[in-house]
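Reader: I am new to this structure and should be grateful for a close look at a single part of it. Please take one strand and describe its surroundings.

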Amino acid sequence: MAASSFASSHFSNSEGFGRVPSDFAEVIVVRHGETMWNACGKIQGHLDIELNDIGRQQAAAVADRLSKEFSVSAIYSSDLKRAYDTAQIIAKSCGLPEVKKDARLRERNLGDLQGLVFREASKLNPKAYQAFVSPKTDQEVPGGGESLDQLYDRATSGLEEIAANHKGEQIVVVTHGGTLRALYERAGHSAPKGSSQGKVLNTSLNIFHLSDCRWVIKRWGDVSHLDRSGFLESGFGGDRHSG
């Protein structure tokens, strides 16, 4: 399936180069590039896994697009390598001097599941697996893992604080699949008509407008920049079972 088929067809007039109204920040949230663990189905969580070759190519592709289509004034990133290295590639392409690390943008901590292959997790650690797939949003994962509520609280409060410092600007935030799903949960009522959360693919581009406590999704799941660079559609990550 062509990468562009995942892209939202909804575009705001304020997207791209041009003036952003001073009452909101336009936040371009990007999932990190692919890692070897994404490709083989291992659960990462807070484990610090680096980008693979495809991930670096994906990061270069989204960086080139961002430098041409947007006027980015700042870039923030999870402090995990796969996100931070993606952000550094973007920063270089956009001519930004630094990437600001923020641990609140990390992936969900998945405790005892981290390092396991997902398809084997139910047998290797059934207790942690059942906690992970539980519909209860306050269910923590054994081994120091977070609940969905804890992930939601830190991710949404973190993004609100970042956005409050950049009203009238376009900024980039590089994070993780699970974290992006939490952000979608916060703003999902405003998602473009016909869009759905679906999978959050590596280096997908997702645009939020944040103004005080109001969140609006302007674009979701756009990976049209990967048409020519290629990506692993079968790669693990980005769905409700990712980490």
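Author: Two strands are said to pair if DSSP finds at least two bridges between them. Helices (H or I, at least four residues) and strands (E, at least two) are DSSP runs, numbered from the N terminus. The model is predicted: local features need pLDDT of at least 70, side-chain atom pairs count only at pLDDT 80 or more, and totals for chains, interfaces and linings use all residues. Residues are numbered from 1 along each chain as its sequence is written, and side-chain values use heavy atoms, with hydrogens and water left out.

The part chosen is strand S1, residues 25-31. It belongs to an open sheet of six strands with mixed pairing, in the order S3-S2-S4-S1-S5-S6. Strands S3 (100-101) and S6 (214-222) stand at the edges with a single partner strand each, so one side of each is left without a neighbour in the sheet.

Strand S1 pairs with strand S4 (residues 170-175) in the parallel sense, over six bridges. Within this pairing, valine 27 stands opposite isoleucine 171, and valine 29 faces valine 173. With strand S5 (residues 205-211), S1 runs antiparallel, again joined by six bridges; here glutamate 26 is opposite histidine 209.

In a regular strand the side chains alternate between the two faces of the sheet. On one side of S1 lie Ala25, Val27, Val29 and Arg31, and on the other Glu26, Ile28 and Val30. All of these are buried, that is, under 20% relative accessible area with a 1.4 Å probe, protein chains only. Because seven of its seven residues are buried, S1 is largely enclosed by the rest of the structure.

Definitions and conventions
Buried < 20%, exposed > 50% of the residue type's maximum accessible area, 1.4 Å probe, protein only.
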